[in-house]
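Colleague: Before we rely on any of the labels in this model, I would like to go through them one at a time and hear the reasoning behind each.

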Amino acid sequence: MPKGGSLAISPVVDVEGKRLSLTNLDKVLYPATGFTKGQVIDYYARIAPALLPHLRGRPVTMKRYPNGVDAEFFYEKNAPKHRPDWVKTAPIWSRHNRRHINYLLVDDLPTLVWLANLASLEIHPSLALAKDYDCPTMLVFDLDPGAPANIVQCSQVGLWLREIFEHWGLQCFPKTSGSKGLQVYVPLNTPTSYDVTKTFANALARLLEHEHPELIVSDMKKSVRGGKIFVDWSQNDEHKTTVSVYSLRAREHPTVSTPVTWEEVEKTFKKKDPSLLVFEAPDVIERFEKMGDLHAPVLELKQKLPDVRGVATAAAPVAGTVDLAAQAEEEPVAERQKPVPRSRTKKTAAATRTPARKVAKPASKKRRAV
């Protein structure tokens with residue numbers, strides 16, 4: 001595949017034996033920086049060795065910006081009818097829509113370049129593989145800051161999550177959202193279900209909220225998020241997708257959802273400098289060339305969540321401690337969003353080691369066609 005902007009003078013390219021006609025390569029999609037559609041395609045072509053393993057076999061939702069990040073956008077789940085015949089799809093039954101949705105499978109470089117040519121700046125894969133759609137291969141926490149909080153406070157919450165999972169002997173891996181927040185992934189790659197992962201994530205989010213009500217909220221209402229970190233447990237759902245690692249984001253600059261090290265997260269929290277966790281497309285290519293794929297273990301590391309009641313064991317084993325997880329199992333999802341009264345639990349061992357801080361949230365737009 002051509003590199004370094006050569007796509008801009010080659011509107012018809014051969015990608016691994018597939019001929020593609022690329023359009024409007026000089027069109028500026030990021031007006032603040034002049035980043036063009038040709039550069040978007042070039043970025044995805046160059047980051048493909050890192051990105052494709054995280055997309056392969058997973059139903060993908062596109063978020064398309066045909067006229068750039070300052071204009072209208074739209075999500076596209078159904079694969080376009082005008083797609084090349086070599087683009088793979090997976091029919092997935094949607095209980096909400098009562099029909100099959102023909103999702104894209106971005107399994108190879110030609111498909112990735114074709115998708116980028118549709119101005120799909122953002123790529124949102126499922127947490128499960130198409131072949132086993134009811135079994136997520138990972139658990140995810142999306143740490144979303146409400147202004148004036150930012151990724152510094154997200155880093156604090158991420159470090160608490162890491163300590164809790166270390167308590168169970170489990171590894172987790174951070175990445176930036178590419179927007180304002182931080183995301184923490186717990187690889188599973190073992191038999192499970194969304195009922196298990198979502199209930200577990202909800203219970204843990206509620207426990208964190210209970211221990212740090214000045215900083216953390218688990219309630220999805222936007223009105224309660226100001227200055228706090230929303231620990232979004234609801235991403236663990238078959239109907240939702242989370243932005244892919246290495247995906248561009250539709251921000252003012254071409255920032256990327258970037259895998260980072262825990263040392264980088266600690267440094268950001270210690271120095272209180274949110275710029276330390278902001279990476280644009282050229283930075284990410286350079287990081288991959290030097291550091292490899294920091295998120296690679298998420299694809300293969302086999303781990304099992306403790307019994308959902310084990311969430312309570314993250315708290316000090318004091319008589320009278322509420323079994324939040326057991327309670328979460330018994331409540332309907334809508335009820336699980338309510339925080340447990342603070343007086344009924346004790347501090348987590350992980351949470352008592354570092355003082356709490358404060359915390360922001362991304363913008364949204366609406367639909368239009370390419």
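Colleague: How many helices and strands does the protein chain have?

Modeller: The protein chain has nine helices and 14 strands, and it should be said at once that this is a predicted model. Of its 370 residues, 56% are buried, while carbon and sulfur atoms account for 51% of an accessible surface of about 15700 Å².

Colleague: What makes β1 and β2 a pair of strands?

Modeller: Two strands pair if there are at least two bridges between them, and four bridges join β1 (residues 12-15) to β2 (residues 18-21), so the two count as paired. They run antiparallel, with Leu 20 in β2 as the bridge partner of Val 13, and they form a hairpin with two residues between them.

Colleague: Why is Glu 16 called exposed?

Modeller: The relative accessible area of Glu 16 is 55%, and exposed means over 50%, so the label applies. Glu 16 is found in the loop between β1 and β2, and its phi is near 50 degrees, a positive value in a residue other than glycine. Most residues other than glycine have a negative phi.

Colleague: Why is Lys 272 called partly exposed?

Modeller: Its relative accessible area is 36%, which lies between the 20% and 50% limits, so Lys 272 is partly exposed. Lys 272 lies in the loop between α5 and α6 and, although not a glycine, has a positive phi of about 55 degrees.

Colleague: How do you know that helix α1 is not straight?

Modeller: A straight helix of 19 residues would span 27 Å, whereas α1 (residues 37-55) spans only 21 Å between its end C-alpha atoms. A kink of about 75 degrees lies at Ala 48, shortly before Pro 49. The helix is mostly covered, with 15 of its 19 residues buried.

Colleague: What makes Tyr 30 and Phe 35 an edge-to-face pair?

Modeller: The whole structure holds nine aromatic pairs, and in this one the ring centres are 5.6 Å apart with 80 degrees between the planes. Rings pair if their centres lie within 6.5 Å, and planes over 60 degrees apart count as edge-to-face, so both conditions are met. Tyr 30 is buried at a relative accessible area of 0%, and Phe 35 is buried at 10%.

Colleague: Why is the pair of Tyr 246 and Phe 288 also described as edge-to-face?

Modeller: Their centres are 6.5 Å apart, which is at the limit of 6.5 Å, and their planes stand at 70 degrees, which is over 60, so the pair is edge-to-face. It links distant parts of the chain, since Tyr 246 is in the loop between β14 and α5 and Phe 288 is in helix α6, 42 residues apart. At 2% relative accessibility, Tyr 246 counts as buried.

Colleague: What makes you say that the charged end of Arg 287 sits over the ring of Phe 279?

Modeller: The charged end of Arg 287 is 4.3 Å from the ring centre of Phe 279, and the distance limit is 6 Å, so that part of the criterion is satisfied. Lys 63 likewise lies over the face of Phe 73, at 4.7 Å from the ring centre.

Colleague: Why does Pro 84 count as buried?

Modeller: Buried means under 20%, and Pro 84 has 19% relative accessibility, so the residue counts as buried. Pro 84 lies in the loop between β6 and β7.

Note on methods
Residues are numbered from 1 along each chain as its sequence is written. This is a predicted model: local features need pLDDT of at least 70, side-chain atom pairs count only at pLDDT 80 or more; totals for chains, interfaces and linings use all residues. Side-chain values use heavy atoms; hydrogens and water are left out. The expected span of a helix is 1.5 Å times one less than its number of residues. The bend at a residue is the angle between axes fitted to the seven residues ending there and the seven starting there. Buried means under 20% relative accessible area, exposed over 50%, partly exposed in between (1.4 Å probe, protein chains only). Accessible areas come from the Shrake-Rupley method with a 1.4 Å probe; for residues, only the protein chains shown count as cover. Rings of Phe, Tyr and Trp (its six-membered ring) pair if their centres lie within 6.5 Å; planes under 30 degrees apart count as stacked, over 60 as edge-to-face and the rest as tilted. A charge sits over a ring if NZ of Lys or CZ of Arg is within 6 Å of the ring centre and within 35 degrees of the ring normal.
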